[in-house]
Amino acid sequence: MGNATEWFDYGVYAATATYLTDAFFPGELGTLGTMLGFAISFVLRPVGGMVWGPLGDRVGRKVVLATTILLMAAATGLIGVLPTHSQVGVLAPILLILLRVVQGFSTGGEYGGAATYLAECASDKKRGFLGSFLEFGTLGGFVGGSAVVLLCQLILGSDAMHDWGWRIPFLIAVPLGAIGWYLRTKLDESPVFTEVNEQEHPEGGLRVLVTTYKRELLTLSGLVIALNVANYTLLTYQPTYLQNTIGLGESTTTAMMLVGQVAMMACVPFFGRLSDRTGRRPLWLFSLVGLAVLSVPMYWLMGVGTGWAIVGFVVLGLLYVPQLSTISATFPAIFPTHVRYAGFALAYNVSTAAFGGTAPLVNEAVIEATGWSLFPALYMVAAALIGLVAWYFLRETAGTSLRGTEVPDAAEPDPPATEEKQIVA
């Protein structure tokens, strides 16, 4: 629920991109301005990761997660009451970008913390299945954002949406954030974190992370490049691409995105459970190879017509789901407990800021400069190839314990149980 609230904003921003362009970035380069507003929120994500990650490893996962959701909900709600460019001129886009920066800073601690917490609370044998519900929440946020925008479009009409209706979805984030905050304050702390903190008191922090765990940082960074170029091309840039490049209508585009995302949501728990049986590495290999081979044909298919556009989007979405559904099981398990939050947050957010958050901006800039409508597909292919290099160095961790201060590895025996666990057994 909390993660869905965090990512509700990203779904709303993507689905209202054309309205935000008119409200804040009028002119010939308006779409680029809107994509810049999206990308700029990622600039602060690495900074947020460097602040929230070590803090979460020191004081606990729960406190950080409750704080980040408050920041995100407040910033999203304020976007809904911002004055437009026609009212205050250049101050309007400046205020929008500032709020996007706040969102980026809070998200820098959100995703890594939520995935780490869920992975540490799940049983070793069901970590893939239970962890997949974090991604279910992520897609739920995107779907919720798109669904609210579509509902507003159908009820209010295009003129009212461009005038004031676009504000409604952003305002809805406020009560959602309050619910998410309440739920998170009622959580218990992660038992894996509590066990290590009470018994071993290991040295953590960024210095230990970057000097001792270079392989782990680089492996995660490469996988995240593949993951998030696909993510932000398919789930965020796609509405703009379909409207501006292919010429689909606003409601048709939103409905198509909604259908594709619901199909992906339905598959997420299935692939999560499958990863518990087959391992994480086989699913990642299938997904990366599939995207590398089929991205260009599916994007070409999208240009044929509306029906084929739906087919192409669903195929690419389903190829992407094996990555998405195993994030919470795969990424936290790359690091040991005492640097897990920081390692995830740093590597994930740096790669996302450099390659994921900029994907819509890069795609739009290249298409406008060259007219080459297949560029997003080639961008996804290049990212998938980088991901395949990182996959080679990824350790299999399905069924492996996340306890202790050693790097989890299915090829190594699990660390011994604590005395308390032995007594319980």
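**Note on the predicted model: overall fold and the setting of Ser106**

1. For a chain of 425 residues, a compact globule would be expected to have a radius of gyration near 22 Å, and the 21 Å found for the protein chain agrees with that expectation. The model is a predicted one, and along its principal axes the C-alpha trace spans about 65 × 45 × 35 Å.

2. As to secondary structure, the protein chain comes to 20 helices and 0 strands. Among contacts between residues at least 6 apart in sequence, 84% join residues that are at least 24 apart.

3. Turning to burial and surface, 58% of the 425 residues count as buried, while the accessible surface of the protein chain comes to about 15,800 Å², with 68% of that area belonging to carbon and sulfur atoms.

4. On charge, the protein chain carries 22 positive and 29 negative charges, and the mean positions of these two sets are 6 Å apart.

5. One residue may be looked at in more detail, namely Ser106, which lies in helix H7, a helix covering residues 91-121. Ser106 has a relative accessibility of 0% and therefore counts as buried, the cut-off for that class being under 20%.

6. Within this buried setting, a polar atom of the Ser106 side chain lies 2.9 Å from the backbone oxygen of Gln103. Leaving aside residues up to four places away in sequence, Ser106 touches Glu6, Trp52, Thr68, Leu71 and Met72.

Methods:
Residues are numbered from 1 along each chain as its sequence is written. This is a predicted model: local features need pLDDT of at least 70, side-chain atom pairs count only at pLDDT 80 or more; totals for chains, interfaces and linings use all residues. Side-chain values use heavy atoms; hydrogens and water are left out. Helices (H or I, at least four residues) and strands (E, at least two) are DSSP runs, numbered from the N terminus. The radius of gyration is taken over C-alpha atoms; the globule rule is 2.2 Å times the number of residues to the power 0.38. Buried means under 20% relative accessible area, exposed over 50%, partly exposed in between (1.4 Å probe, protein chains only). Contact means heavy atoms within 4.5 Å. Accessible areas come from the Shrake-Rupley method with a 1.4 Å probe; for residues, only the protein chains shown count as cover. Lys and Arg count as positive and Asp and Glu as negative; His and the chain ends are not counted. The place of a charge is taken as NZ of Lys, CZ of Arg, CG of Asp or CD of Glu. A polar contact is a pair of N or O atoms within 3.5 Å; within protein, one must be able to donate a hydrogen and the other to accept it, and residues adjacent in sequence count only if both atoms are side-chain atoms.
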